[in-house]
Amino acid sequence: PLEGDLKRYQARRIDVHLHFSTVDAKGVIHGAQAHLALLDRIKDTNAFVVAVGQPEMVEELRAKFVKLGGKAEDVVSNY
């Protein structure tokens, strides 16, 4: 269902990556965690990040972004 949206974003040079993960019965996460995958791609701490997800994920992303030299206020979220 996102194919049309993704094509529009790409046409506007918006960098979009999809990440899927699952949690097993023991609470262990398998697959890519989006916030960690994003941090692997950031080359410039002048980036502006729009993060959509659970508050804990966004807070971890924000803290790690700041540790890399970015500004906390440059990570905005859906809450």
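## A quick tour of the model

The accessible surface of this protein comes to about 6100 Å², and 56% of that belongs to carbon and sulfur atoms. Keep in mind that you're looking at a predicted model. There are 79 residues here, of which 19% count as buried. Three helices and four strands make up the secondary structure.

**Overall layout**

- Follow the chain along its sequence and you meet the elements in the pattern α-β-β-α-β-α-β.
- Taken along the principal axes, the C-alpha atoms fill a box of roughly 40 × 35 × 25 Å.
- Among the contacts in the protein with a separation of 6 or more, 38% are between residues 24 or more positions apart.

**The nonpolar core**

- The largest nonpolar core is built from 10 residues: L38, L39, I42, V49, A51, M57, V58, L61, F65 and V75.
- Three elements give two or more residues each to this core: helix α2 (34-41), strand β3 (49-51) and helix α3 (55-67).
- Helix α3 has the largest share of the core, at four residues.
- As background, nonpolar side chains in soluble globular proteins tend to be buried together.

**A closer look at L39**

- L39 sits in helix α2, and it is one of the residues of the largest nonpolar core.
- Why does L39 count as buried? Its relative accessible area is 13%, and the cut-off for buried is under 20%.
- Leaving out residues up to four places away in sequence, L39 touches L61, K64, F65 and L68.
- Two of those partners, L61 and F65, are listed with L39 in the largest core.
- For a sense of distance, take E73, which is 34 residues from L39 along the chain: the C-alpha atoms of L39 and E73 are separated by 16 Å.

**R13, out in a loop**

- R13 is found in the loop between helix α1 (3-11) and strand β1 (21-23).
- Is R13 buried or exposed? R13 is exposed, because its relative accessible area is 80% and the exposed class starts over 50%.
- The backbone at R13 is worth a glance too: its phi is near 60°, a positive value in a residue other than glycine.

**The largest pocket**

- The largest pocket has a volume of about 700 Å³.
- Its lining counts 19 residues, and the ones nearest the centre are D15, H17, L38, R41 and V50.
- L38 also belongs to the largest nonpolar core.
- Helix α2, strand β3 and helix α3 each supply at least two lining residues, with α2 giving the most, four residues.
- Sorted by class, the lining of this pocket has 14 nonpolar, three polar and two charged residues.

**The second largest pocket**

- About 210 Å³ of space lies in the second largest pocket.
- Which residues line the second largest pocket? They are S21, V23, I29, Q33, A34, H35, V52, G53, Q54, E56, M57 and E60.
- M57 is listed in the largest nonpolar core as well.
- Strand β1, helix α2 and helix α3 each supply at least two residues of this lining, and the largest share, three residues, comes from α3.
- By class, the lining of the second largest pocket has five nonpolar, five polar and two charged residues.

Note on methods
Residues are numbered from 1 along each chain as its sequence is written. This is a predicted model: local features need pLDDT of at least 70, side-chain atom pairs count only at pLDDT 80 or more; totals for chains, interfaces and linings use all residues. Side-chain values use heavy atoms; hydrogens and water are left out. A nonpolar core is a set of buried Ala, Val, Leu, Ile, Met, Phe, Trp, Tyr and Cys residues joined through side-chain atoms within 4.5 Å. Buried means under 20% relative accessible area, exposed over 50%, partly exposed in between (1.4 Å probe, protein chains only). Contact means heavy atoms within 4.5 Å. On a 1 Å grid over the protein atoms alone, a cavity is a set of points where a 1.4 Å probe fits but cannot get out, and a pocket is an open set with protein on both sides within 12 Å along at least five of seven lines; lining residues have an atom within 4 Å of a point. Grid points are joined across faces, edges and corners, and a volume is the space filled by probe spheres set on the points. Ala, Val, Leu, Ile, Met, Phe, Trp, Tyr, Cys and Pro count as nonpolar, Asp, Glu, Lys and Arg as charged, and the others, Gly among them, as polar. Accessible areas come from the Shrake-Rupley method with a 1.4 Å probe; for residues, only the protein chains shown count as cover.
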